Amino acid sequence: MNGTRTRTRTRTLTRSRTRTRFRSRSRSRSRTRTLDETRGTPPSTDRTPEGTSDGAADRIPDGAPDRTSDRAPDRAPDRTSAPTPDRTPDRTSAPTRDRTSDRTPDRTPLTPPHPDTWPSRAWRGPSAAVLLLCTAAAAASAGLHGADLGRGPVPELAARYAHVEAELEITADPRLTRPRITGDHTAPTAVLIEADLVRVTAPDGAVTRTRSPVLAVADAPTARSGAPRGSPWLSLLPSTRVRVEGGLAPPLLDGDPVAAVLRVGHGETPRVVGAPSGPQRLAGDLRAGLRAATDGLPADARALLPGLVVGDTARVTPELHEAFRATDLLHLMAVSGANFTILLALLIGPPGTAHLAERRGLAPRVGLSLRTTALCGGALTLGFVVVCRPEPSVLRAASCGLIALLAVATGRRRSLIPALATAVLLLVLYDPWLARSYGFLLSVLATGALLTLAPRWSAALHRRGVPGRVAEALGAAAAAQAVCAPVVAVLAARVSLVAVPCNLLAEVAVAPATVLGFAALAAAPVAMPVAKFLAWCASWPTGWIVGIARTGASMPGGGVDWPGGWRGGVLLAAGTAVLVVVGRRVLKSAWISGACVVLLLLVVVQPAPLARIVTGWPPPGWRLVMCDVGQGDALVLAAGAGAGIVVDAGPDPVLVDRCLRSLGVTRIPLVLLTHFHADHVAGLAGVLRGRSVGAIETTDFDEPADQVRFVRGLAAARGIPLVRAGAGERRRSGPLDWQVLWPPPRPAPAPDGPNDASVTLLVRVGGLTMLLLGDLEPAAQRALLRTEAGARLPPVDVLKVAHHGSAYQDPELLRRVAPRLALISVGTDNPYGHPAPRTVAALRSRGAQVLRTDRDGAIAVVGGGRGADGGGGEGLEVAHIGP
């Protein structure tokens, strides 16, 4: 009976494993002979009699793998093939029918295979061939693309800086350069147009048809708040042909993917000679409809929603862009693979069920077959790329989606890692310049992390008691941040400590904002009221995302400086690896994990009472603080508990906001802007954020015009009154008392420029006397001394040195005021040489202590002044933090 069971089980295993035995029969037979010859025992040809059991077949579980061929020749003898005493030899060892190799017991220890029997050996040749083929194809593609840049007359004309007439075919949406603060002004905003130069007329009249990629640069007119608006270049769609005149120049870097830069003449407008294609017109109408649907939304939602849905960031302000950059949320402004994943999931359902009969999504609900679903998904992918433009992240997501849809159409199971690898390979072969794109690199790294690390980390968190959905979100955010942070550090020389929590909190709003935004996009051409309603619904999750970005960017410890370049990236990658290893041990203890979370919160938030204990900042009883805002001015005068008078706002809203938060200032009776240069007013949005402001006082000289419009626009948007400062004005706020010394009231002669119109203050508080000169030049300083108030100027305790300590100072003014402490607000490694060594030497020669923000960081003045008689008085104390 036992033999019958054994024989039946053996037959069953044989039938279920025919293919495996067929493939391994010859190798197993050869293997048996080798082992027998090694033992000196001839191969056995006898069979086990019926009714006996070899003991091995009874212990073989169903589906056991074939392990006999994996044994090394020098291992113990194979008992299943050796003759057994008092038993007929095992027939399974017969050379014509070797079944033993298919039925090795699971308890047999696994040993490393002999090199000659490695299964991977068969793949070495094909793998190496595929690798060489891909390398050769990539090299050939890169060579062909590189040859395109040197082909035709364009490179030669660019080398001669020739003025030409060019016919361009637009290849991407025109975009605006980000406003940059350069010294005391904002760099002019320009329109950048990527195009193919298809026809060029040289200075000698020769006309040549060619196709060379160029970058055209055109001036952009400014409008309210200094933002470009109304430029005819911004309305051009891809595939449009235009004719312009301009000067050709070589590209800035040798590795740029353009043959030349075309600088369009000032005031030159494009002459359209070829209309855009039908799909591009449709995409342009859809994008314009979405912008129209968002016109009535709050400013932040109006700016972000088009960027979140179709990558249109024309309305995003520099301050909002900086907030998203500081929190590593920039991927939400540019269309990413997440947007396409959400849309594709609506069609085919979750990835794990897309190829099954019980799949979900809209496709099975309307009765679409797998192949029809794949065709619809392909059309959706094509439309997504056309509407959202072929950005690197869009191309990567679309390629992966098409490969996945092909798997759905053929009924095969999808494997996303090979799909990602195939997509990357095909895209780099098609456009080798993507291999140099940091955006493409970050997109691929983030996607790879979500497919490999995120599931493992989520499972590990779930095993440690974290709820499933929370574990998935936390694992995904941490994995993407871990692999992308080193690359971000290479570019920004900074590491964000709030990136993971901000991405986690923003993630809950991305899907509803994306779905509602695309619904508004689709409804706008046919039903604008419906589109406006959908856009209004989308503004709620969009506003949540903006709030997360602004809050995270305003945290005092939201980021830490890090070495830039690839050395810093490698260092951060090594540190991340160490942190992951240590984190696996830390997560085993709930108490240690909780303590780490609390510690991180304290480092990021830095509550004022705790920060004062740890860092001593701000010092108790501070009277004046000069914030470290780079190459600009921002001062705060204490006006009571939680209140301060702000004099100038600096060039960066994030830095001045952080400074005010560290001081605990929540109420500002007055913001005084000494003049309208960008390094004094561009950070005004950071001053106003989250604080009650009584009024904004400015000089009466309204230049530069773009910054005047910027200040007036912010004041009007927040309902803050604007007032003018004039000489003779006196004000009080809490313990503060100040007098305006300059500029003189009208009809005084017009100043030579904005610097000479700077509002100058004489401030008294707590026995201290402080003179704040703004950016007065020597001529205005001498004129100030000739006024009645200037003639009575007393020696002061603190002097805010004019114009960042430049060499242009009036020696008589410095002698008259004889400061005990001279403060200079200046940026590190600024290109202007501020402060001038001559100015610093002149101040120190008169007994002044000179402090500067580029070396000393933020500076706080504490203590008493000279006294009523101008004598020594109480000691003057100074504290600083940073730089």
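Colleague: Let's start with Glu-788: why is it called exposed?

Modeller: Its relative accessible area is 63%, and exposed means over 50%, so Glu-788 gets that label. Bear in mind that this is a predicted model.

Colleague: And what makes Glu-788 and Arg-792 a salt bridge?

Modeller: Their closest N and O atoms are 3.1 Å apart. The cut-off is 4 Å between a side-chain nitrogen of Lys or Arg and a carboxyl oxygen of Asp or Glu, so the pair passes. Arg-792 counts as exposed too, at 53% against a limit of 50%.

Colleague: Why does charge matter for such pairs?

Modeller: Side chains of opposite charge can pair when their charged atoms come close.

Colleague: How many salt bridges does that rule give?

Modeller: The count comes to 33. One of them joins Glu-268 and Arg-271, with 3.4 Å between the closest N and O atoms.

Colleague: Why are Glu-268 and Arg-271 called partly exposed?

Modeller: Partly exposed is the range between under 20% and over 50%. Glu-268 has 23% and Arg-271 has 36%, so both land in that range.

Colleague: What about Glu-319 and Arg-689: how far apart are N and O in that salt bridge?

Modeller: The distance is 2.1 Å, N to O, and 4 Å is the limit, so it counts. Glu-319 sits in helix 7 (residues 318-326), while Arg-689 is in the loop between helix 23 and strand 17 (692-693), so the pair ties together parts that are 370 residues apart in sequence.

Colleague: Are Glu-319 and Arg-689 buried or exposed?

Modeller: Both are buried. They also belong to a network, built from salt bridges with shared partners, that takes in Asp-300, Arg-550, Asp-657, Arg-661 and Arg-691 as well.

Colleague: Now Glu-697, in strand 18 (residues 696-698). How do you know that it has no salt bridge?

Modeller: The nearest side chain of opposite charge, Arg-731, is 4.0 Å away, and no salt bridge is counted for Glu-697, although this residue is buried. Beyond four places in sequence, Glu-697 touches several residues, among them Leu-670, Val-671, Val-723, Glu-729 and Arg-731.

Colleague: Val-671 turns up in the largest nonpolar core as well. What makes that set a core?

Modeller: A core is a set of buried nonpolar residues joined through side-chain atoms within 4.5 Å. This one has 35 residues, and those touching the most other members are Trp-622, Val-625, Leu-663, Ile-668, Val-671, Leu-684 and Val-687. Helix 24 (705-718) supplies the largest share of this core, five residues.

Colleague: What does Val-625 contact, leaving aside neighbours within four places in sequence?

Modeller: Its contacts include Trp-617, Leu-635, Cys-659, Leu-663 and Ile-859. There is also a second, separate core of 32 residues, which includes Val-309, Val-387, Ala-523 and Ala-524.

Colleague: Where does Gly-642 lie?

Modeller: Gly-642 is in the loop between strand 13 (635-638) and strand 14 (644-647). From there to Leu-663 is 21 residues in sequence and 8.0 Å in space, C-alpha to C-alpha. Setting aside sequence neighbours within four places, Gly-642 is in contact with Gly-664, Val-665, Thr-666 and Arg-667.

Colleague: And why is Gly-642 called partly exposed?

Modeller: Its relative accessible area is 29%; that lies between the 20% and 50% limits, so partly exposed is the right term.

Colleague: What makes Ile-613 exposed?

Modeller: Its value is 69%, and over 50% is exposed, so the name fits. Ile-613 is in helix 20, and it joins Val-598, Leu-602, Leu-610 and Val-614 in a nonpolar surface patch with about 470 Å² of accessible area together.

Colleague: Which helix gives the largest share of the nonpolar patch?

Modeller: That is helix 20, with three residues. Helix 19 (590-605) and helix 20 (608-615) each supply at least two.

Colleague: To finish, how many helices and strands are there in the protein?

Modeller: There are 29 helices and 28 strands. Of the 883 residues, 47% are buried. The protein exposes about 42000 Å², with carbon and sulfur atoms supplying 61% of it.

Key. Residues are numbered from 1 along each chain as its sequence is written. This is a predicted model: local features need pLDDT of at least 70, side-chain atom pairs count only at pLDDT 80 or more; totals for chains, interfaces and linings use all residues. Side-chain values use heavy atoms; hydrogens and water are left out. Patches are made of residues with over 30% relative accessible area and no salt bridge: like charges are joined within 9 Å, nonpolar side chains (Val, Leu, Ile, Met, Phe, Trp, Tyr) within 5 Å. Accessible areas come from the Shrake-Rupley method with a 1.4 Å probe; for residues, only the protein chains shown count as cover. Helices (H or I, at least four residues) and strands (E, at least two) are DSSP runs, numbered from the N terminus. Buried means under 20% relative accessible area, exposed over 50%, partly exposed in between (1.4 Å probe, protein chains only). Contact means heavy atoms within 4.5 Å. Lys and Arg count as positive and Asp and Glu as negative; His and the chain ends are not counted.
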